[in-house]
Amino acid sequence: MLEITYHGHSAVQLTTGEHSIMIDPFITGNALAATKLADIKVSHILLTHGHQDHILDAVELAKQNDATIIATHELATYLGWQGVKTIGMNLGGSLRLPFGKVKMTQAFHSSGVIVDEQKQIVYMGMPAGFVIEMGGKTVYHAGDTGLFGDMKLLGELHDIDLAFLPIGDLFTMGPEDALVAAKWIKTDFVVPIHYNTFPPIKQDGDAFVAALAEEDIRGNALKPGEVLRLP
Ligand code: NI
Ligand code: MN
């Protein structure tokens with residue numbers, strides 16, 4: 001059994017009977033979020049890249065839970081300096097943890113922390129996605145990415161039960177490309193992410209789910225705070 005809690009934007013919590021992990025916590029900065037950060041209990045926090053809308057609450061969440069952050073080497077090092085436990089990894093690498101297995105996959109995007117006061121952008125390594133084996137399921141979280149041809153390879157290498165795909169457009173794939181991605185990765189089920197949080201990435205999640213259905217792919221445009229259980 002795997003329980004999915006969508007916290008809005010790209011923030012997804014995966015829970016089994018004994019374990020719970022978070023991907024890309026962005027709660028306190030999201031006006032649509034339905035959960036208090038202090039109420040979230042996780043042992044591991046996976047970060048796809050260094051943009052604020054993915055890492056904003058990572059250090060606070062890690063500190064309140066004594067959780068370990070998993071991210072690309074540069075981002076893990078940077079956050080480690082803020083006093084949290086981290087594990088650095090890189091594209092193509094995988095890692096076994098008490099809750100299951102994590103593989104870091106490529107994403108076509110950028111990754112840096114913008115320090116406004118100093119007009120500096122700190123490089124944070126390559127952006128990434130994750131293939132996560134947990135609770136008997138294989139989950140793909142694409143992170144922020146445009147469509148890329150090697151998503152077909154992900155579909156060949158992994159039997160993906162559930163995928164979180166960005167549909168917001170502008171900074172990532174829009175709905176049309178995300179529909180192609182869903183076919184290429186050969187997933188059974190898609191939850192759209194990275195949309196409606198801000199006006200420039202407004203999309204119709206239910207229309208996307210209807211387009212998936214035409215391709216015989218199930219989907220659910222979860223609302224922030226909504227929970228889905230996969231048997
Ligand atoms: Ni980003
Ligand atoms: Mn983003």
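Visitor: Are Asp53 and His194 buried or exposed?

Guide: In this predicted model, both Asp53 and His194 are buried. The two residues are a useful starting point, for each of them gives a donor atom to the manganese ion (ligand 2).

Visitor: Which residues coordinate the manganese ion (ligand 2), and through which atoms?

Guide: The donors are an OD atom of Asp53, NE2 of His54, an OD atom of Asp144 and NE2 of His194, placed at 2.1 to 2.2 Å from the manganese ion (ligand 2). Read along the chain, these donors follow the spacing D-H-x89-D-x49-H. Asp53 belongs to helix H1 (residues 52-55), whereas His194 sits in the loop between strand S14 (189-193) and helix H6 (205-214), so the pair ties together parts that are 141 residues apart in sequence.

Visitor: What surrounds the nickel ion (ligand 1)?

Guide: The nickel ion (ligand 1) is coordinated by His49 through NE2, His51 through ND1, His109 through NE2 and Asp144 through OD, at 2.2 to 2.3 Å. Their spacing in sequence is H-x1-H-x57-H-x34-D, and of these donors both His49 and His51 are buried.

Visitor: Which residue coordinates both ions, and how far apart are the two metals?

Guide: Asp144 is the bridging residue, and the nickel ion (ligand 1) and the manganese ion (ligand 2) that it bridges lie 3.1 Å apart.

Visitor: How should I read the angles around the nickel ion (ligand 1)?

Guide: As a general reference, the ideal angle at a metal is 109.5 degrees for four tetrahedral donors, while six octahedral donors have 90 or 180 degrees. Here the four donor atoms around the nickel ion (ligand 1) subtend angles of 88 to 178°, and the arrangement is therefore irregular. A tetrahedral label would require all angles to lie between 85 and 135 degrees.

Visitor: Turning to helix packing, what describes the way H5 and H6 pack?

Guide: In general, two packed helices are described by the angle between their axes together with the distance between those axes. In this structure helix H5 (residues 175-184) packs with H6 at an angle of about 40°, and their axes are 10 Å apart. The crossing in which H5 passes H6 is right-handed.

Visitor: Which residues of H5 meet which residues of H6?

Guide: From H5 the contact involves Pro175, Ala178, Leu179 and Ala182, and these meet Phe208, Ala211 and Leu212 in H6. Sorted by class, the contact has seven nonpolar residues, no polar ones and no charged ones.

Visitor: Where does Gln203 lie, in the stretch leading to H6?

Guide: Gln203 lies in the loop between S14 and H6, and with a relative accessible area of 22% Gln203 is partly exposed. Apart from neighbours within four places in sequence, the residues in contact with Gln203 are Ile167, Gly168, Asp169, Pro175, Tyr195 and Asn196. Among them is Pro175, one of the H5 residues that meet H6.

Visitor: What is notable about the phi angle of Asp169?

Guide: Asp169 has a positive phi of about 65° although it is not a glycine. Leu170, likewise not a glycine, has a positive phi of about 65°. Asp169 is found in the loop between strand S13 (162-166) and H5, and Leu170 lies in the loop between S13 and H5. As for accessibility, Asp169 is partly exposed, with a relative accessible area of 36%, while Leu170 counts as exposed at 57% relative accessibility.

Note on methods
Residues are numbered from 1 along each chain as its sequence is written. Chains are lettered from A and ligands numbered from 1 in the order in which they are written. This is a predicted model: local features need pLDDT of at least 70, side-chain atom pairs count only at pLDDT 80 or more; totals for chains, interfaces and linings use all residues. Side-chain values use heavy atoms; hydrogens and water are left out. Donors are N, O and S atoms within 2.8 Å of the metal (3.2 Å for Na, K and Ca); water is not among the atoms, so sites may look incomplete. Helices (H or I, at least four residues) and strands (E, at least two) are DSSP runs, numbered from the N terminus. Buried means under 20% relative accessible area, exposed over 50%, partly exposed in between (1.4 Å probe, protein chains only). Four donors count as tetrahedral if all angles lie between 85 and 135 degrees; four count as square planar and six as octahedral if opposite donors are over 155 degrees apart and all others between 65 and 115; anything else is irregular. Axes are lines fitted to C-alpha atoms, for helices over the stretch in contact, and angles run from 0 to 180 degrees between N-to-C directions. A crossing is left-handed if the near helix is turned anticlockwise from the far one by less than a right angle, and right-handed if clockwise. Contact means heavy atoms within 4.5 Å. Ala, Val, Leu, Ile, Met, Phe, Trp, Tyr, Cys and Pro count as nonpolar, Asp, Glu, Lys and Arg as charged, and the others, Gly among them, as polar.
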